[in-house]
Each structure stands twice: as C-alpha cells, then as structure tokens.
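Trainee: Could you take me through the surroundings of the ligand in this model, slowly and in one go? I would like to see how the contacts fit together with the elements around them.

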Amino acid sequence: MFRLLSVASALPKCRKTNDDLSGFLDTSDEWISQRTGIRERAVCTDESLTELLTTAGKEALARAGITAQQLDLILCATIKGDYITPSQACIIQKELGAKCPAMDIGAACTGFLYALDVAAGYFVRKKVQKVLVLAGDVMSKLVDWKDRSTCVLFGDAAGAAVLGEGDALKSISLSAKGNIDFLNIPHVNGNSPFDSIPEQESFLAMNGQEVYRFAVSSICHDVKEVCKQASISISELDWLVPHQANLRIIESAAAKLKIPMEHCLTGIEILGNTSAASIPVVLDKAQSESKLKTGELLALSAFGAGLTTGACVLTW
Ligand code: ACO
C-alpha cells in the first residue's frame, strides 16, 4: 500500500514561555507545566498557515527526492485553512506548483491519521504513486487569549509527509463519536439580514476533564485495536507516537498500555498542542534527534474534536 518517504515540519519563529503568558494572564509556569508538561510553544506573528505548510511541504518533497509535479494527490488536515474556500490543500498545490487533485480533511487533532487512511484507499485503488499529506493549524487564532483554561495549552505548527508505494502501513483504525459539548469552536456569523441566530464568539470551548478521560481511554483502546489488527503485541512496538495534548494524558495511557515513557515520542514540552500537526511534527523532531531507525515499529494514536480518534501501526 504505502510507506513514509519523508516527514518534515515548520514552526513559527516566535516562542512564548509559560512565564511570558503569566505576564498578561492569571496563570503560572508551575500550574501549566505541572498540569500539562508544556513549558513553551511557538505562535504565529506574521506567518500564515499557508507559509508554514508550504515550508513543511517543500522540505518533505526535498527529503523524499521528488518534485511537486510527481505528486498524484495532496491532502491537508486542518481545522481552519486560511480561506473558507478554496481549500488549504488547493492553496498549497498552487504554492508548490503541483498539478494533482487536492482536498482538505477536517478531523481536528486526528486529521493526520484520517488523511493517512484516505491516502491508503487511493494506494489500494492504484490511483496514486506519490501523495503529500499536510497537517497544520494556527490554534493561536482560535483560542480566547482571556481564557487561561484553554489558551495556554496550544501552539502553532505545520507538518508534512510524502507517501510512496510500499508496505509500511500494517493497520489503521478511525472512529468518530459526534459530540459538540466536550470540544467545539463555533463558526462566525455572516451579516445576512435574514439570519435570526444570535451572534456568538468564535473561540475554542472545551470541557478539559471530559476530554482528558476520553483521550486516555481512546489511546488505550485504539492502540490495542491496531496492534491486534497488525497481529503484533504491544510490547513489540518500538515507539508510541501519541497526539500531544497533555503530558499527563500520554503518561497515563502509556502506563495503562505498559509502554515505558522512554518508548514514547513527546514534543508537548516545547510545542504545546499543535492540533493536526502534532504527530508529523513530533516525528520530525524525533528523526532530527536520530531517535528513529529504519524498520522500527510505530503506533501513532490521536484524538480530537468530533470527537474523533485514529491510530495505526507502521514501520519507519
Ligand atoms: N493557570 C492557573 N490556573 C488555571 C489555569 C491556568 N492556565 N487553567 C485553569 N486553572 C484553574 C481552574 O480555574 C481551576 O481552579 P478552581 O479549582 O479554583 O476552580 C483549577 O485550575 C483546576 O482546573 P481544572 O480544569 O480542573 O484542571 P485540570 O487538572 O482538569 O487540567 C486541563 C485542565 C489541563 C485542560 C486538562 O483537563 C486537560 O489536559 N484536558 C484535556 C485537554 C485536551 O486533551 N484537549 C485536546 C484538544 S484536541 C483538539 O481537537 C483541539
């Protein structure tokens, strides 16, 4: 079906520590780092999502040793592209000079896994040989910077992966459980004179404790499921690559799965929750630290608004 030919990422240049946030919010480095593991995050100042994704996409193409013209499909996982239309994937297709079909995938923090599964279908149908999967969000524009319970959790980033034909994907599983109450970002109203729905602010709202419980149980369930589908035991995994939302979620799920933290990839400490970008960004960080070796078995696992979840087993 497919294998990963390359992974790359891009971050905005501005970094903000917890102490920086406590300068204008009633919060502290102690609260944020103890409850979440986050110490700092990158936030966009003058960068757009398009710029971040284009940088990550170009680097992924260069690392895979292919040109944009060789791509057969571009998928972009994002909560909110720079435009409502055209899709973010179409914008990046133009930026890269590619000629292939392009579309967005909306599955919040699980978007990268959803995109991998969509890509897998194209490989099975032999419609594609090279696919660019992009994932990125500018969460700093979607949170309320007066709400200390949410804004401290997120960061901005983009990730990209080039997929080529191969047999690295051993299993993949997705789920959705429609739920607006635990996590949502409402749409802004237009100015229709006929619209009677009251205006609402368009900021992320979250029931942190419910999402926390859902996250731990879904990682455990999904990783067991994809290992079963791949006919491997959890102890055979070299790396757990979880969505980076809270270090305590990762530690709790890893403990329940009996996976030592030394076998979990993390980047939450310096990135915060980067939504759809979280998994490719943490993979790129790990490869830059020479942690990943060819042939190693990885379980990727994500959860997010929807509520969506996804996991897969693949070889590096
Ligand atoms: N600084 C200081 N105090 C704070 C802050 C802050 N930044 N935020 C909240 N508090 C206070 C609260 O007001 C509360 O005070 P009170 O007891 O006086 O009322 C206290 O800290 C405890 O708040 P809780 O919400 O109970 O804290 P909790 O331990 O549950 O941690 C957290 C909150 C970190 C959000 C946790 O619930 C969590 O990580 N949940 C999961 C989040 C997640 O995974 N989100 C995924 C998003 S994915 C996507 O698709 C976008």
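Mentor: Happy to! Let's start with G208: one of its backbone N or O atoms lies 2.9 Å from a nitrogen atom of the ligand. Keep in mind that this is a predicted model. The backbone of R148 does something you can set beside that, with an N or O atom 2.9 Å from a nitrogen atom of the ligand. For N246 we turn to the side chain, where a polar atom lies 2.6 Å from an oxygen atom of the ligand. As for cover, the ligand on its own has 1000 Å² of accessible area, and the protein covers 76% of it.

Now widen the view to the whole shell. The ligand is surrounded by 26 residues, and N246 is among the closest, together with T27, R35, C109 and Q209. Sorted by class, the shell holds 14 nonpolar residues, eight polar ones and four charged ones.

Where do they sit along the chain? At least two shell residues each come from α2 (29-36), α6 (148-151), α7 (208-229), α8 (247-257) and β12 (297-304). Of the elements, α7 gives the largest share, with four residues.

Two of these contributors, α7 and α8, also pack against each other: their axes are 9 Å apart and make an angle of about 40°. Angles under 35 degrees would count as roughly parallel, so α7 and α8 are oblique to each other instead. Look at the handedness too, and you will find that α7 and α8 make a right-handed crossing.

Technical notes. Residues are numbered from 1 along each chain as its sequence is written. This is a predicted model: local features need pLDDT of at least 70, side-chain atom pairs count only at pLDDT 80 or more; totals for chains, interfaces and linings use all residues. Side-chain values use heavy atoms; hydrogens and water are left out. A residue is near a molecule or strand if one of its heavy atoms lies within 4 Å of it. A polar contact is a pair of N or O atoms within 3.5 Å; within protein, one must be able to donate a hydrogen and the other to accept it, and residues adjacent in sequence count only if both atoms are side-chain atoms. Accessible areas come from the Shrake-Rupley method with a 1.4 Å probe; for residues, only the protein chains shown count as cover. Ala, Val, Leu, Ile, Met, Phe, Trp, Tyr, Cys and Pro count as nonpolar, Asp, Glu, Lys and Arg as charged, and the others, Gly among them, as polar. Axes are lines fitted to C-alpha atoms, for helices over the stretch in contact, and angles run from 0 to 180 degrees between N-to-C directions. Angles under 35 degrees count as roughly parallel, over 145 as roughly antiparallel, 65 to 115 as roughly perpendicular and the rest as oblique. A crossing is left-handed if the near helix is turned anticlockwise from the far one by less than a right angle, and right-handed if clockwise.
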